[in-house]
Amino acid sequence: MEVVIVAGSVEVGAFAAGRIAEIVAAKPEAVLGVATGSSPLETYRALAARRDAGLDLSRVSAFALDEYVGIAHDHPESYHAVVDREVVQPLGLDASRVRVPDGLAADLDAAAEDYEAQIAAAGGVDVQLLGIGGNGHIGFNEPTSSLVSRTRVKTLAPATREANARFFDSLDQVPMHCLTQGLGTILDAKRALLVAQGASKAHAIAQIVEGPVSSMWPGSVLQLHRHATIVIDEAAASELTLTDYYRYTVEHRSIVQPDA
Ligand code: F6R
């Protein structure tokens, strides 16, 4: 894994947006995997600034990681609405090329299978942007999720519902279930780019970067990805033990070894 430690959340967003911009510049019809929640907001802001400066995102496609089950698409906290508000509009994406799992489908298993088929039909995800939960989840793959899981229905962990209650009027309103890309689905992306800021993520980051690969810390599955980059601020890096080495590798990153 490539671990990049920067000063704060603005720098996390700037670095991650730079990586995504490189991919889109090389492939204007790139397929992006997009995350919701607070962590990627600075990345989207920085990408929007790059778009204002001339980066063409109009041919990009995007697939969201997850969606709540049973919440209307026009509910402001549905991921359909969040992706439209935070990603599609500011980045000027073509909405017809943006997909979010259908948490309202009568047959959720069929919707999950269909989502996998849509990703495959698009040629797979070129770069998957990820946040991480305090319990180590990526997407909504909660602890003990199968490391080879595909898109499916999951029950949100109580800790995840509590963390996300800040977006709703009360805890009761946070849905119990979601449709989420699986860990195997995420591993299929050509690149994985995980962003995290703040001390509340420090333990999860230490576990997924320096701990064993384990379904107890689902993000640790990224150790099995050939091109995973973890972009974190100083606070999120505070429980890592090899920070000197990570800084050293970034300083000595050489063009003959582009995917360190
Ligand atoms: C969101 C998602 C989740 C979040 C995670 C962190 O689509 O899949 O894994 O990335 O819960 O959320 P924030 O960034 O709000 O702390």
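The space taken by the ligand in this predicted model is the largest pocket, and its volume comes to about 450 Å³. The largest pocket is lined by 25 residues, of which I132, G133, H137, N164 and K201 lie nearest its centre. Among the elements of secondary structure, helix α5, which spans residues 158-164, gives the most to this lining, with four residues. Sorted by class, the lining of the largest pocket holds nine nonpolar, 13 polar and three charged residues.

**The ligand and its shell**

The ligand is surrounded by 14 residues, and the closest of these are S39, D66, H137, G139 and K201. In this shell the residues divide into three nonpolar, eight polar and three charged. H137 and K201 are named among the closest residues to the ligand, and both are also listed among the lining residues that lie nearest the centre of the largest pocket.

Which parts of G139, R166 and K201 approach an oxygen atom of the ligand, and at what distance? The table sets out these pairs.

| Residue | Protein atom | Ligand atom | Distance |
|---|---|---|---|
| G139 | backbone N or O | oxygen | 2.7 Å |
| R166 | side-chain N or O | oxygen | 2.8 Å |
| K201 | side-chain N or O | oxygen | 2.7 Å |

G139 thus takes part through a backbone atom, whereas R166 takes part through its side chain, as does K201. Taken alone, the ligand exposes 410 Å², and the protein buries 94% of that area.

**The enclosed space**

Rolling a probe the size of a water molecule over the atoms shows where empty space is left. How many cavities of 30 Å³ or more are counted in the model? The count comes to one cavity, and the volume given for the largest cavity is about 50 Å³.

The residues that line the largest cavity are I20, L32, G33, V34, Y44, L47, V87, L91, V127 and L129. By class, this lining has nine nonpolar residues, one polar residue and no charged residues. At least two lining residues are supplied by each of four elements, namely strand β2 (31-34), helix α2 (41-52), helix α3 (79-91) and strand β6 (127-130). Of the elements that contribute, β2 gives the most to the lining of the largest cavity, with three residues.

Set side by side, the two linings read as follows: the largest pocket, which the ligand takes up, has three charged residues in its lining alongside 13 polar ones, while the lining of the largest cavity has no charged residues and one polar residue.

Conventions:
Residues numbered from 1 in each chain as written. Predicted model: local features only at pLDDT ≥ 70, side-chain atom pairs only at ≥ 80, totals over all residues. Heavy atoms only, no water. Near = heavy atom within 4 Å. Polar contact = N/O pair within 3.5 Å; in protein donor to acceptor, adjacent residues only side chain to side chain. Areas by Shrake-Rupley, 256 points an atom, 1.4 Å probe, with all protein chains shown as cover. 1 Å grid on protein atoms, 1.4 Å probe; cavity = no way out; pocket = protein on both sides within 12 Å on 5 of 7 lines; lining within 4 Å. Sits in = over half its atoms within 2 Å of the grid points. Nonpolar A, V, L, I, M, F, W, Y, C, P; charged D, E, K, R; others polar. Points joined across faces, edges and corners; volume = space filled by probe spheres on them.
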